[in-house]
Amino acid sequence: MTPNEIVELDIQKSINKHIDDFNSFRFNAGAGAGKTYALIETLKYVTINKIAATKSPQKVACITYTNVAVNEIKTRLGNSDAVQVSTIHERLWDIIQRAQPQLLICHREKIVAVIKQHSQKLDDADNKKTKFFAGLNDEQKQIFIEFAMQTKDLFYQSKKLSAKFFKEAYTNRIAIQKSDFLANCIKNIDNFKQVVVLLYKKKRLEDCLERIDAGIERRVNYDSKVNSDRLHYMKFSHDTLLEYGLKLVVTYPTLCRIIIDSYPYFFIDEYQDTHSNVVKFVKTIHDYAIENNKNWVVGYFGDTAQSIYDDGVGRNIASLHDRLVDVDKILNRRSHKQIIDVANKIRADEIVQEPIFEERNNGSVHFFYNSSEDKLTTAQQFLTEYKNDLIKDNGESGETDGEKTKIHCLVLTNKLMANFNRFGNVYEVYQKSTIYFDNLNTQVLSQQLEKLHSTVLSIYHLVKLYQDIKQSVVSYYGIFGASSKNIAFSKASLVIRELKNNEVVSLKDWVDLIIDRLENSDAKDVLGKALTNRVNYEPDKVISADVFQSTLLDNINTLMNEDSENEITAKEKVDSVLALPIISLINWSNFIDGIETDEISYHTYHGTKGEEYKNVAIILEHSFGRMNKDKFKNYFKIVQQSAEERERLLTVPDTKEKHINTQNLLYVACSRAIKNLRVLYLDDISEVENGINAIFGESKLWPIDGNQSSV
Ligand SMILES: Nc1ncnc2c1ncn2[C@@H]1O[C@H](COP(=O)(O)OP(=O)(O)OP(=O)(O)O)[C@@H](O)[C@H]1O
């Protein structure tokens with residue numbers, strides 16, 4: 001055993017000792033240090049020595065960031081009943097759902113708070129949209145509210161009409177003609193709709209409150225399948241789950257005791273990207289354990305320099321959760337020295353890694369730049385050259401298997417990544433939707449299904465259903481779910497044949513086929529069950545072809561169009577979704593599922609968290625999309641300053657936050673490489689060359705004349 005291996009073993013022993021002593025800890029180490037590995041070792045240690053040895057019925061909770069990570073840990077850990085690996089949402093719901101009476105109180109309070117928010121908005125004379133309502137006197141408000149309630153059906157029937165037809169639909173009503181002030185209120189359709197929708201929402205919540213108070217509603221549920229709260233249906237979504245969880249443990253200490261008894265060992269992977277409410281939740285339990293002399297341990301595993309999401313705690317963990325023992329490790333298990341040296345320069349903090357083995361010294365890092373206009377073609381040519389060099393090098397050493405020459409290419413923008421992955425058209429259509437640019441990354445491309453926009457999620461499920469039926473790889477249970485037990489085999493096979501044997505080129509073809517079968521098939525009820533199971537439609541939404549069609553089109557319309565959209569443009573946008581080729585949608589859904597099909601795999605920097613690849617290509621630009629103009633240019637500009645000047649510039653909080661975020665992103669990207677890393681900067685670097693060279697050593701214009709560089 002080498003001295004470094006002994007050091008590494010000692011670190012694991014110290015973690016085990018903290019577990020023996022119930023000392024909660026934070027294992028902070030750089031990329032490739034073996035945090036995930038240590039987490040698995042820790043889980044094994046606890047299972048064998050604490051749970052199995054004492055035949056304890058207690059469980060170990062292991063929380064990870066994505067479903068992909070859950071599966072990875074489960075696979076690496078092997079079958080274990082004692083360890084429950086899950087996302088925080090799954091675990092939290094499992095824990096708190098039993099506290100229904102307390103949840104109900106929490107839910108009631110939330111409803112009251114949201115009603116108050118709606119009322120404040122309606123009373124806000126400074127709000128452009130609602131001020132016409134705020135300006136009415138009490139009597140007029142009452143008349144308007146009554147009018148809105150009486151015309152609810154009309155509103156929903158007319159909602160999607162253009163402003164002109166919408167107004168006509170309303171003004172044809174005698175009630176409006178009679179009243180001057182009502183006619184006045186409907187002058188601006190956009191504002192009118194905004195107020196009416198708020199009134200409806202408020203009313204729905206008030207009705208729900210009454211039902212709760214009358215004891216009619218007694219259960220509240222977490223809905224993991226949709227991405228927004230539906231409080232009046234007694235359902236809430238992801239962020240509210242974290243909010244409720246925290247509120248419950250703070251308000252009801254008994255819940256802390258129950259959690260401590262059920263899960264005496266609690267581990268959190270990638271803590272830097274965990275929501276602050278989760279850390280507060282865990283800290284509340286930890287404090288309770290200390291104050292009540294209970295044996296409980298939480299272990300956080302992560303790296304503050306890899307915090308790349310806005311809602312993650314990042315460096316704030318130290319202030320949010322004190323009384324933790326720090327366990328540090330500076331050895332790197334993943335990469336060759338050349339990669340580690342660059343990564344150390346980027347993170348520029350107290351963690352200066354070194355390779356665990358001295359012989360890990362054959363890596364390569366090359367930085368190139370090219371500022372031609374056609375970035376896509378330049379990047380493709382660059383990758384082809386990289387690939388050829390790898391084949392040449394590996395061929396010479398007699399190693400030609402795929403992984404050795406496979407390149408993982410990291411690009412900044414989703415647009416470029418989508419183009420490379422052949423679903424650029426899908427991304428382009430979603431870009432024109434109502435999803436804010438900042439949210440496209442999560443709501444359209446997240447590998448955590450719960451983060452996708454609800455309609456995007458339905459489209460994803462529709463495409464997966466198509467794929468599964470087309471490929472015939474899924475069982476009846478996989479298609480129809482629990483209801484498959486009660487479905488006649490003949491009907492199930494009929495509906496699958498009907499769906500499989502028709503040509504489908506676009507999403508529209510697929511949707512039309514489903515609609516047609518819901519209308520005409522002898523097994524239409526069975527198809528409804530498949531849609532409920534796979535696309536998560538409520539049973540009443542698949543009761544007939546018409547209802548299914550209007551629900552889907554309504555959803556797509558809401559996804560694509562603002563309320564005020566011109567009717568023709570609105571229809572064009574809905575049609576642009578339906579016209580998407582099914583093959584592009586399959587490429588997109590494969591991306592969501594992390595399925596790789598090409599020799600070169602393309603990812604966004606964000607999407608590679610926790611991964612490692614032998615050969616990495618990074619495509620860099622000044623800007624990170626439109627919203628983060630000059631993100632990297634500004635970063636390298638700061639890097640190239642003297643230490644004093646850098647410190648001065650970073651005293652501005654906004655500059656510091658942006659700088660650290662960029663630094664973390666570049667760190668995550670570069671540290672994915674095991675052996676070879678090539679960076680291509682697709683802009684003019686003359687103003688930031690010194691900053692680049694300070695990190696990467698030197699930068700060269702690509703393509704280089706004469707001999708190509710060796711990998
Ligand atoms: N003790 C060990 N023995 C053998 N291999 C190890 C050990 N620790 C880590 N490794 C290997 O080193 C590599 C990096 O480890 P791991 O992925 O756990 O790092 P990490 O700290 O989680 O990285 P990142 O922060 O970048 O996600 C992996 O291939 C892992 O299997």
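S372 counts as partly exposed because its relative accessibility is 31%, where partly exposed covers the range between buried, under 20% relative accessible area, and exposed, over 50%, computed with a 1.4 Å probe and protein chains only. S372 sits in the loop between β11 (364-369) and α18 (375-396); helices (H or I, at least four residues) and strands (E, at least two) are DSSP runs, numbered from the N terminus. The side chain of S372 makes a polar contact of 2.8 Å with the side chain of T378, a polar contact being a pair of N or O atoms within 3.5 Å, of which, within protein, one must be able to donate a hydrogen and the other to accept it, while residues adjacent in sequence count only if both atoms are side-chain atoms. Although S372 and D683 are 311 residues apart along the chain, their C-alpha atoms are separated by 7.6 Å.

This is a predicted model, in which local features need pLDDT of at least 70 and side-chain atom pairs count only at pLDDT 80 or more, whereas totals for chains, interfaces and linings use all residues. Residues are numbered from 1 along each chain as its sequence is written, and side-chain values use heavy atoms, with hydrogens and water left out.

**Domains and the ligand**

The protein is divided into domain 1 (3-98 + 249-331), domain 2 (101-214), domain 3 (364-406 + 600-701) and domain 4 (422-593), with bounds that come from an automatic or database domain assignment. The ligand lies between domain 1 and domain 3, because both give residues to the shell around it. Of the 15 residues around the ligand, K35, T36, Y37, R334 and E612 come nearest, a residue being near if one of its heavy atoms lies within 4 Å. Helix α2 (residues 35-52) supplies the largest share of this shell, 3 residues. By class, the shell divides into 3 nonpolar, 6 polar and 6 charged residues; Ala, Val, Leu, Ile, Met, Phe, Trp, Tyr, Cys and Pro count as nonpolar, Asp, Glu, Lys and Arg as charged, and the others, Gly among them, as polar. Polar pairs between the ligand and the protein include the following.

| Ligand atom | Protein partner | Distance |
|---|---|---|
| nitrogen | E8, side-chain N or O | 3.4 Å |
| oxygen | G34, polar backbone atom | 3.0 Å |
| oxygen | T36, side-chain N or O | 2.7 Å |

Of the 630 Å² of accessible area that the ligand has on its own, the protein covers 81%, with areas from the Shrake-Rupley method and a 1.4 Å probe.

**Further sites**

H336, in the loop between β9 (331-332) and α17 (337-347), is buried, with a relative accessible area of 10%. Leaving aside neighbours within four places in sequence, H336 is in contact (heavy atoms within 4.5 Å) with R360, N361, N362, G363, I674 and K675.

Helix α30 (residues 582-592) is mostly covered, with 10 of its 11 residues buried, among them W588 and F591. The cover over these buried residues includes α20 (414-420), α23 (454-471) and β13 (600-604). Just after α30, G594 takes a positive phi of about 70°.

K470, in helix α23, is partly exposed at 35% relative accessibility. Leaving aside neighbours within four places in sequence, K470 is in contact with K500 and N502, and a polar atom of the K470 side chain lies 2.8 Å from the backbone oxygen of K500.
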